[in-house]
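Ready for some practice in reading a protein structure? Take a look at the model below, then work through the exercises one step at a time.

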Amino acid sequence: MSSAFRTGTGRATDWILLGATVVFSILWLLPIIWVVAMSLKPNAELMRSTAGFLPVPFTFDNYIGITKLATVPRWLMHSFVVAASMTAMVLIVSSLAGYAFARLDFPFKRTLFLLTLAGLMVPEQAVFIPLFTMFADWGMHNTHAALVMPRVAVPIGVFLMTQFFRAVPRELEEAAELDHASHFTIFRRIMLPLSVPALTTLGLFTFIFAWNDFLWPLVSATRADMFTVTVGLASIQGNFAFSEGLGSVMASAVFASLPIVILFLIFQRFIVAGVALGTGK
Amino acid sequence: MHHSKTLARLALATALVGSAGSAAFSADISFLRFFGDCQTEYGTVTDVAAANGECGIITVLTNKFNAENTIGAKVVTQTVDWGAYYDQLTATYSTGNIPDVAVMHSSVLPNFSDRDLLTPLGDAFAAAGIDTADFVPAALKNATTKDTLYALPYDLHALLFHVNTDLMKEAGFVNDDGTVRLPTSPEEMLSMGREFKEKTGKYFIAAESQSSEGMMVRLWQSFMWQQGVDVLAADGKTASINTPEGQKAADLIKALYDEGLANTALDYPGAEQAFLNGEAGILINGTWVVDSYNAQAASGEATLKNYQVANVPPIFGASKVWADSHMWVMPKDESRTPEEAEAAMAFMKFLNDNNFQWARTGHLSVRQSVIDSPEFAALPHRGEYSATAENATALPAVQNQRAIFAAMYSDFNAMWLTGTSSADALSAMQDSVDQILRRNR
């Protein structure tokens with residue numbers, strides 16, 4: 001009786017949780033559905049009313065406008081090059097630094113680690129002007145390097161990888177040490193293969209961040225042929241686009257998000273695991 | 001510094017005069033602007049009459065110049081998002097791709113001219129045959145800082161009253177000749193608003209009341225000029241905000257909201273939707289939307305059927321209204337060759353010659369000859385607000401106008417968004433603006 005009661009309670013709890021999850025999912029999805037619906041409506045109609053989740057009247061004109069632009073493939077290519085290079089470099093720097101902080105002994109290790117963590121507390125805007133001036137002095141603006149380099153040293157990446165490597169049992173390394181393996185060999189042959197889930201998560205977050213980045217590309221890439229897709233799509237919008245060209249704005253948002261949505265659908269398992277890792281579970 | 005400025009002006013003027021009538025050459029003109037990108041719609045069109053809207057008209061004008069100029073010049077356009085435009089223009093001075101011609105608001109001009117980032121254009125205009133005497137006074141003043149002409153003014157965009165004639169008729173505010181009756185005093189504005197609400201059940205006024213457009217600050221500034229008060233002194237050192245005149249104007253605007261004659265919940269698109277859906281008698285917005293609303297009314301799809309435009313009425317005495325200008329400037333660039341400067345000036349002259357086309361957007365022309373022309377008068381509704389060109393009041397050439405504006409609207413909007421008293425709102429505005437002005441000195 002008692003067991004049956006517990007089972008019944010458990011099922012009820014499951015249903016309540018499921019119901020709550022569905023309700024919250026719908027609430028989260030509504031703005032996205034609204035954005036997609038608006039992207040499929042004529043701009044003149046949206047000027048009169050933005051209400052409704054169904055794209056009636058319906059048009060593909062807003063998407064056709066984007067795909068007809070000759071510069072869009074170039075902007076997509078720049079975004080991909082920047083996001084992919086940044087991801088690769090962040091993974092290399094973060095994993096090496098994370099391994100060093102987690103496993104190696106060197107002078108001022110604790111101080112350096114704290115300094116790295118302190119970087120988490122410095123807002124991007126605080127270093128924006130010096131960073132911009134520095135790259136201007138080097139004559140590097142309007143290059144891929146300028147778009148990637150300031151984002152390579154990521155404190156959260158180093159922290160994430162340090163925490164991951166700390167959790168790896170020491171015994172795995174000790175066996176290699178008995179065979180006189182160097183630190184780098186241990187890192188490359190043992191630790192790196194073990195850290196694939198953490199690296200995948202960090203890589204995905206970095207890629208998404210790089211793809212969506214707007215402020216730095218806006219001021220560093222001032223030539224249209226060097227725009228990333230976010231800056232490029234913003235540049236084609238007219239004044240008061242949020243009232244007179246709302247459908248086009250929404251279509252731009254959906255278009256720019258698509259690669260990231262696809263990436264998320266493919267790798268969602270790792271992203272969820274990454275969130276759990278980030279919360280220290 | 002003074003010598004180098006003079007030399008730069010002389011060099012430019014000499015280059016332009018010296019090369020007048022010279023053989024064709026090849027020069028790219030880098031052209032930085034907002035207004036959007038219409039390449040998909042107008043990429044190859046050179047018939048300006050076929051273009052509509054700011055984006056369409058400037059795109060086709062550019063195409064036409066590229067197709068027809070005889071000096072071998074080619075305009076290479078780069079569009080930038082309006083919100084980020086000035087950040088990116090500033091950035092070009094460091095990144096090295098300084099444009100030859102760029103769009104600029106008059107309210108922003110002092111930020112660049114005071115830092116010696118713009119090429120003075122007076123001599124070059126004279127050499128190129130651009131008649132500055134044809135510009136209306138407010139526009140010429142907008143393009144000038146410290147007695148130096150830095151820009152080609154291209155329009156005046158000012159506040160207007162956009163009117164739903166059917167609703168005004170229902171309230172009994174339409175004269176026998178079909179024109180609308182508008183208030184002439186603060187008391188009348190409130191009494192008409194009450195009567196309008198009683199007879200129609202709708203809001204008398206719709207205006208952006210929530211976001212960063214600061215539409216009501218522009219109206220308040222207009223009311224201040226109507227009382228003979230400049231909110232910002234011409235020397236940029238003092239602001240007259242927390243004054244008896246400021247209080248009167250703020251009290252009127254606050255009363256419109258407090259009495260439910262204006263809707264507090266509208267942002268910019270919301271205010272437009274309310275007007276187009278027949279939920280308000282008067283929409284306070286700028287010249288830039290006239291053709292768009294005219295098209296909506298004519299389409300038969302909107303509830304708004306009979307659309308009229310009116311000058312902002314002289315509620316506090318004088319006929320004055322807030323106005324800004326779009327202008328073309330030549331950012332200073334030491335590496336620009338005389339050929340490139342000449343090509344850029346030829347493009348500016350072409351734009352000036354076609355100022356009427358730009359006036360088709362709804363903006364007011366800055367050229368008196370265009371305003372007086374029959375083709376301008378024939379454009380939809382232009383006759384209804386032609387006086388705005390005379391009433392338009394230029395902002396003083398003070399640095400950080402945008403920051404000052406932002407500081408004002410956040411405190412001003414608090415009157416109806418959080419119930420702040422007008423005295424407290426004006427006091428806060430005065431403090432915030434004083435702080436910015438101190439930084440300017």
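Among contacts in chain B between residues at least 6 apart in sequence, 78% join residues at least 24 apart; two residues are in contact if their C-beta atoms, placed from the backbone, lie within 7 Å. The model is predicted, so to speak of local features a pLDDT of at least 70 is needed, side-chain atom pairs count only at pLDDT 80 or more, and totals for chains, interfaces and linings use all residues. Residues are numbered from 1 along each chain as its sequence is written, while chains are lettered from A and ligands numbered from 1 in the order in which they are written.

**Exercise 1. Describe the fold of chain B.**

Step 1: Chain B has 20 helices and 13 strands. Helices (H or I, at least four residues) and strands (E, at least two) are DSSP runs, numbered from the N terminus.

Step 2: For 441 residues, a compact globule would have a radius of gyration near 22 Å, and the 23 Å of chain B agrees with this. The radius is taken over C-alpha atoms, and the globule rule is 2.2 Å times the number of residues to the power 0.38.

Step 3: Of the 441 residues in chain B, 53% are buried. Buried means that 20 or more other C-beta atoms, placed from the backbone, lie within 10 Å of the residue's own.

**Exercise 2. Do the same for chain A.**

Step 1: Here there are 15 helices and 0 strands.

Step 2: A compact globule of 281 residues would have a radius of gyration near 19 Å, but chain A has 24 Å. Its C-alpha trace spans about 80 × 75 × 30 Å along the principal axes.

Step 3: Buried residues make up 34% of chain A.

**Exercise 3. Find the largest nonpolar core.**

Step 1: A nonpolar core is a set of buried Ala, Val, Leu, Ile, Met, Phe, Trp, Tyr and Cys residues joined through C-beta atoms within 7 Å.

Step 2: The largest one has 151 residues, and B:Ala151 and B:Trp328 are among those with the most contacts inside it. Its largest share, 8 residues, comes from helix α10 (residues 215-226) of chain B.

Step 3: Not counting residues up to four places away in sequence, B:Ala151 touches residues including B:Met104, B:Leu121 and B:Trp328.

**Exercise 4. Which residues does the contact between the chains take?**

Step 1: Chain A gives 26 residues and chain B gives 31 residues.

Step 2: On the side of chain A that touches chain B, the largest share, 4 residues, comes from α14(A).

Methods: Buried ≥ 20, exposed ≤ 12 C-beta atoms within 10 Å, placed from the backbone.
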